[in-house]
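User: Please take a close look at how one pair of packed helices sits in this model, and at the nonpolar core around it.

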Amino acid sequence: MERFDSRQRLLIAMAEQLKLPLLQIARTAEQAGTSPSFQQSNTISSTADIALRMIDGYLLSILPVQDQLPLEPILVSAVLQDTAHRLSKVASDYNCQIEVSISGRQAPVMANRKNIEIAYTLLLYAFIQAQENPVTIQRVLLATHKTSNGLEAGIFGDQKGINNEMLRRARALCGSARQPLPFMSSSGGAGVFIADNLLQAMNAPLHIAKHQKLNGLAATLLPSYQLQFTKL
């Protein structure tokens with residue numbers, strides 16, 4: 001940890017320390033879920049699980065990797081389906097409807113499984129939190145489709161005014177401004193930046209994208225055969 005100063009080392013230590021109580025909260029809530037007197041247990045469990053993933057994502061994004069990041073063939077469509085299921089209860093609490101759109105038959109991509117699962121979980125959670133009108137059901141879409149550069153997978157919502165200049169400026173302000181991403185409302189978007197770092201480690205940084213007239217953030221991942229071809 002020589003490359004970190006004392007404050008950064010303290011933050012890392014605190015993040016590691018927070019994981020145990022969060023894990024205990026999540027597991028206790030799961031057990032209490034069988035009791036009719038604890039109706040919010042699923043929400044507590046899901047929220048604690050997301051917090052754990054955020055801490056893991058933060059640590060993965062800043063700690064040095066001793067070896068090359070291990071990659072394996074992964075079906076992005078399966079990751080998005082699992083992510084939607086994992087956050088379904090949280091989405092319901094925010095009066096939010098999660099949809100998944102998979103365009104055509106898609107080949108696996110080469111990615112680090114932990115990085116990609118945490119990244120899309122944090123992205124979806126950020127978009128769920130950012131809903132501005134909880135009175136009516138809001139739509140959040142997880143979508144993936146083929147492009148000329150690879151497989152684009154992202155999270156899309158009704159947020160307005162999202163553009164690449166905003167994302168560029170937000171990256172520069174991350175850590176120094178309370179709300180570097182205006183469309184993320186009070187959530188601050190910390191999960192977005194952690195997801196961005198995790199995806200950048202796989203050479204797939206976030207970019208602004210559109211799908212079904214919705215605005216969002218997406219990453220372009222290389223199909224496994226294309227990655228193998230580029231290495232020849």
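Analyst: The helix pair comes first, then the core.

This is a predicted model, in which local features need pLDDT of at least 70, side-chain atom pairs count only at pLDDT 80 or more, and totals for chains, interfaces and linings use all residues. Residues are numbered from 1 along each chain as its sequence is written, and side-chain values use heavy atoms, with hydrogens and water left out.

The axes of helix 5 (residues 113-129) and helix 7 (residues 190-200) come within 8 Å and cross at roughly 155°; axes are lines fitted to C-alpha atoms over the stretch in contact, with angles from 0 to 180 degrees between N-to-C directions. Helices are DSSP runs of H or I with at least four residues, numbered from the N terminus. The two helices are therefore roughly antiparallel (angles over 145 degrees). On the helix 5 side, the residues that meet helix 7 are Asn 115, Ile 118, Ala 119, Tyr 120, Leu 122, Leu 123 and Ala 126. Their partners in helix 7 are Gly 191, Val 192, Ile 194, Ala 195, Leu 198 and Leu 199. Of the residues in this contact, eleven are nonpolar, two polar and none charged.

The largest nonpolar core (buried residues, under 20% relative accessible area, joined through side-chain atoms within 4.5 Å) has 47 residues. Tyr 120, Leu 123 and Val 192 are among those with the most contacts inside it, as is Ile 116. Helix 5 supplies the largest share of this core, eleven residues. Beyond its neighbours within four places in sequence, Ile 116 is in contact (heavy atoms within 4.5 Å) with Ile 74, Val 76, Val 79, Ala 111, Met 202 and Leu 221.

Notes
Angles under 35 degrees count as roughly parallel, over 145 as roughly antiparallel, 65 to 115 as roughly perpendicular and the rest as oblique. Ala, Val, Leu, Ile, Met, Phe, Trp, Tyr, Cys and Pro count as nonpolar, Asp, Glu, Lys and Arg as charged, and the others, Gly among them, as polar. Buried means under 20% relative accessible area, exposed over 50%, partly exposed in between (1.4 Å probe, protein chains only).
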